[in-house]
Amino acid sequence: MRKRGVLIEYVEWFRRRLDDRQTKLIFDSFISEIFGVGNGIDQGCPLSVIAFLFYNSDLLDIADRRKGELILGFIDDTLLAARGRSF
C-alpha cells in the first residue's frame with residue numbers, strides 16, 4: 001500500500017485491523033476452541049476487494065500491451081492473456 005502512495009495512517013489502520021484475529025469453526029455438531037488466524041480478512045468484508053487490488057497491483061502492471069499481453073483483475077480473480085506469433 002505504501003508503494004502505491006497510501007498514507008501511512010491508513011496503512012497502519014489496515015494493519016491493526018488484521019492483527020490479533022481469532023475465530024472458531026462450527027459445523028454439524030462440532031464446535032472448535034477459539035484459535036488465532038495468521039492471515040486473511042473477514043469473509044464478506046468490503047475491504048477485502050480493496051486489499052486484493054493492492055496485493056496484486058504489481059501483477060496487474062506487468063502486462064505489455066504492445067506485445068499483445070493483457071491482465072484483468074476483478075474482485076479476487078486475475079487473468080493473464082498473452083498472444084504470440086502463429087506459424
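**Exercise 1. Follow the salt bridges from D19.**

D19 counts as partly exposed, at 35% relative accessibility. This model is predicted. Find which residue D19 meets in a salt bridge, then trace the network that results.

*Solution.*

Step 1. Start at D19. Its side chain meets that of R15 in a salt bridge, with 2.6 Å from N to O. The cut-off for such a pair is 4 Å.

Step 2. Look at R15. R15 is partly exposed too, at 39% relative accessibility.

Step 3. Move on to E12. E12 and R15 form a salt bridge whose closest N and O atoms are 2.8 Å apart. E12 has a relative accessible area of 27%, so the residue counts as partly exposed.

Step 4. Place E12 and R15 in the fold. Both sit in helix α1, residues 8-18. About one helical turn separates them, because they are three residues apart in that helix.

Step 5. Put the pieces together. The structure holds two salt bridges. Shared partners join E12, R15 and D19 into one network.

**Exercise 2. Sort the aromatic pairs.**

How many aromatic pairs are there? Classify each pair by the angle between its planes, then give the burial of each ring residue.

*Solution.*

Step 1. Count. There are two aromatic pairs.

Step 2. Take W13 and F14. Their ring centres are 6.3 Å apart, and the planes make 50 degrees. Stacked needs under 30 degrees and edge-to-face needs over 60, so this pair is tilted.

Step 3. Check burial in this pair. W13 is partly exposed, with a relative accessible area of 42%. F14 has a relative accessible area of 11%, and buried means under 20%, so F14 is buried.

Step 4. Take F27 and F30. Here the centres lie 5.2 Å apart and the planes make 40 degrees, which is again tilted.

Step 5. Check burial here. F27 is partly exposed at 46% relative accessibility. F30 is partly exposed at 39%.

**Exercise 3. Build the nonpolar patch.**

Which residues make the nonpolar surface patch of about 370 Å²? Describe where L25 and F35 lie and how they relate.

*Solution.*

Step 1. Name the members. L25, F27, F30 and F35 make the patch.

Step 2. Locate L25. The loop between β1 (21-23) and β2 (26-27) holds L25. L25 is partly exposed, with a relative accessible area of 42%. A patch residue needs over 30%.

Step 3. Locate F35. Strand β4 contains F35. At 35% relative accessibility, F35 counts as partly exposed.

Step 4. Compare sequence and space. L25 and F35 are 10 residues apart in sequence; their C-alpha atoms are 9.1 Å apart.

Step 5. List the contacts of F35. Beyond its neighbours within four places in sequence, F35 touches R21, Q22, T23, K24 and L25.

**Exercise 4. Place S32.**

Is S32 buried or exposed? Find its loop, its contacts and the backbone atom beside its side chain.

*Solution.*

Step 1. Find the loop. S32 sits between β3 (30-31) and β4 (35-37).

Step 2. Judge burial. S32 has a relative accessible area of 14%. Buried means under 20%, so S32 is buried.

Step 3. List contacts. Leaving aside neighbours within four places in sequence, S32 is in contact with K24 and L25.

Step 4. Find the polar partner. A polar atom of the S32 side chain lies 2.8 Å from the backbone nitrogen of L25.

Step 5. Link back to Exercise 3. L25 belongs to the nonpolar patch, and L25 is also in contact with S32 and with F35.

Methods
Residues are numbered from 1 along each chain as its sequence is written. This is a predicted model: local features need pLDDT of at least 70, side-chain atom pairs count only at pLDDT 80 or more; totals for chains, interfaces and linings use all residues. Side-chain values use heavy atoms; hydrogens and water are left out. Helices (H or I, at least four residues) and strands (E, at least two) are DSSP runs, numbered from the N terminus. Buried means under 20% relative accessible area, exposed over 50%, partly exposed in between (1.4 Å probe, protein chains only). A polar contact is a pair of N or O atoms within 3.5 Å; within protein, one must be able to donate a hydrogen and the other to accept it, and residues adjacent in sequence count only if both atoms are side-chain atoms. Contact means heavy atoms within 4.5 Å. Rings of Phe, Tyr and Trp (its six-membered ring) pair if their centres lie within 6.5 Å; planes under 30 degrees apart count as stacked, over 60 as edge-to-face and the rest as tilted. Patches are made of residues with over 30% relative accessible area and no salt bridge: like charges are joined within 9 Å, nonpolar side chains (Val, Leu, Ile, Met, Phe, Trp, Tyr) within 5 Å. Accessible areas come from the Shrake-Rupley method with a 1.4 Å probe; for residues, only the protein chains shown count as cover.
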